[in-house]
Amino acid sequence: MDRAEALIKAGRSGPAVQAFALARALSVNLPPAGTIAAIVARNEKVFRTERERHRSAIAARRPTGRGLVIFADSLGLPRPVARGAEPLEDRVYAELIADAATDRAMTSICQRYFTTSHILQELEADPQLAAGADVIIHVGLNDCVNRMFLEDERLSLDLLPEELKTRVVTFSNRHRRAILTDLASRHYVSPEKFSANLDAILVLLKQRKAQRVVLTTIILPPISAWPSTPFINRNFADYNMRIMSAARNHSALLFDLDRHIWRAQHEGALLSDGMHLASEGHRIFAREAMALLPV
């Protein structure tokens with residue numbers, strides 16, 4: 001990091017971000033073997049515990065009827081409540097759908113940092129999952145974002161001395177645009193892998209005789225994110241086009257959530273972060289999703 005900061009002071013942005021990239025890689029490679037993997041697994045366990053708690057609550061609302069399976073990331077979950085704050089009373093879209101679709105047996109698999117790779121893993125692990133059911137797939141945001149830190153790198157920062165961690169994070173925040181411009185794009189799921197995952201998921205669902213499958217587009221981030229994230233529109237559009245192509249190629253239904261949400265952007269559809277659904281956004285999702293899956 002000394003080298004990265006010195007190069008920035010010398011006006012050499014390109015070599016500076018290369019030095020940053022080396023520091024980023026070392027944060028993962030220097031800890032003892034297995035350390036980062038154990039942290040990733042522990043984190044995953046926390047997310048899965050939350051997911052299963054939510055899944056049980058949704059299933060209890062509608063335990064019998066025709067199957068409806070929802071796969072989603074954190075956009076399908078309640079937002080965490082800050083310590084000392086009043087709990088949120090508004091319901092997420094899975095709850096709204098469960099209340100409206102009285103003939104459905106609901107399975108809601110919503111997990112933070114969920115990607116198409118996770119959905120494929122879940123389907124491969126459980127041969128009966130989604131068999132004969134309608135399916136809504138609402139992931140992609142975690143797949144597509146161009147990352148300064150991949151998951152293991154992000155978690156490895158907590159192993160650094162606090163002063164060094166602060167330097168790494170501060171450098172990444174100040175020089176985000178240069179890092180994303182000058183270094184190769186990195187995603188939790190690459191564009192090519194994303195398409196392959198969607199194809200594999202839809203083939204598995206067809207083999208299991210899933211009735212109707214809905215693919216949901218990714219909501220474009222707010223304008224405030226555009227200056228610091230080069231080519232963000234092109235990147236999100238690329239992944240959305242892959243969703244649309246998969247829907248066309250596999251005769252799935254397309255739910256263009258991005259269009260619906262941004263049409264209602266002045267109606268409070270999104271939270272202040274411009275990404276997660278507010279109460280109105282959850283109502284829009286539930287209404288439009290069920291319009292694609294009528295009784």
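**Cysteines**

I started with C110, which is buried at a relative accessible area of 0%. This is a predicted model, so I am reading computed values throughout. C144 is buried too, with a relative accessible area of 0%. Next I looked for disulfides and found 0 in the structure. For C110, the nearest cysteine sulfur belongs to C144 and is 18 Å away. I checked it from the other end: C144 is in no disulfide either, and the nearest cysteine sulfur there is that of C110. A disulfide needs the two sulfur atoms within 2.5 Å, so I closed that entry.

**Strands**

I moved on to β3, residues 134–138. How many of the residues of strand β3 are buried? I got 5 of the 5, so the strand is largely enclosed by the rest of the structure. I then split the strand by face: D134, I136 and H138 are on one side, with V135 and I137 on the other, and both faces are covered.

Who pairs with β3? I found strand β1 (residues 66–72) running parallel to β3, joined by 5 bridges. One pair I wrote down is A72 with H138 as its bridge partner in β3. β3 also pairs with β4, again in the parallel sense, over 3 bridges. Here I noted I137 with L215 as its bridge partner, and I136 standing opposite V214.

β4 gave me a picture of buried faces as well. V213 and L215 lie on one side and V214 and T216 on the other, and all are buried. From β4 I followed the pairing to strand β5 (residues 253–255), which is parallel to β4 and held by 3 bridges. L215 turns up again here, with L254 as its bridge partner in β5.

**Cores**

I looked up the largest nonpolar core and got 64 residues. Which residues have the most contacts inside it? The list is F71, I97, L123, V135, I136, I137 and L205. I recognised V135, I136 and I137 from my β3 entry, where V135 and I137 share one side and I136 sits on the other.

I took L205 for a closer look. Leaving aside neighbours within four places in sequence, L205 is in contact with L123, A130, V135, I137, A210 and V213. There is also a second, separate core of 17 residues, and A19, A21, M148 and L157 are among its members.

**Helix α3**

Helix α3 covers residues 35–61, 27 residues in total. I took its span from first C-alpha to last and got 40 Å, close to the 39 Å expected at 1.5 Å a residue. For burial in α3, I listed I36, I39, F47, E50, R51, H54 and I58. Charged residues E50 and R51 are on that list, so I kept R51 in mind for the next entry.

What do the buried residues of α3 pack against? I found α2 (13–29), α4 (93–100), β2 (104–110), α5 (116–125) and α7 (151–156).

**Two polar spots in α5**

I went to E122, which is in helix α5. Is E122 buried or exposed? At a relative accessible area of 14%, E122 is buried. The E122 side chain makes a polar contact with the side chain of R48 at 2.9 Å, and another of 3.1 Å joins the side chains of E122 and R51. R51 is one of the buried residues of α3. Setting aside neighbours within four places in sequence, I get contacts from E122 to R48, R51, F114 and L129.

S117 is also found in helix α5. Its side chain makes a polar contact of 3.0 Å with the side chain of N197. Again leaving out neighbours within four places, S117 is in contact with V189, K193 and N197.

**Positive phi**

Last, I went through backbone angles. Most residues other than glycine have a negative phi. Y113 has phi near 65 degrees, a positive value in a residue other than glycine. I placed Y113 in the loop between β2 and α5, where it counts as partly exposed at 30% relative accessibility.

K209 is another entry for this page, with a positive phi of about 60 degrees although it is not a glycine. K209 is in the loop between α10 (191–207) and β4 (213–216). At 61% relative accessibility, I count K209 as exposed.

Definitions and conventions:
Residues are numbered from 1 along each chain as its sequence is written. This is a predicted model: local features need pLDDT of at least 70, side-chain atom pairs count only at pLDDT 80 or more; totals for chains, interfaces and linings use all residues. Side-chain values use heavy atoms; hydrogens and water are left out. A nonpolar core is a set of buried Ala, Val, Leu, Ile, Met, Phe, Trp, Tyr and Cys residues joined through side-chain atoms within 4.5 Å. Buried means under 20% relative accessible area, exposed over 50%, partly exposed in between (1.4 Å probe, protein chains only). Contact means heavy atoms within 4.5 Å. Helices (H or I, at least four residues) and strands (E, at least two) are DSSP runs, numbered from the N terminus. The expected span of a helix is 1.5 Å times one less than its number of residues. A polar contact is a pair of N or O atoms within 3.5 Å; within protein, one must be able to donate a hydrogen and the other to accept it, and residues adjacent in sequence count only if both atoms are side-chain atoms. Two strands pair if DSSP finds at least two bridges between them.
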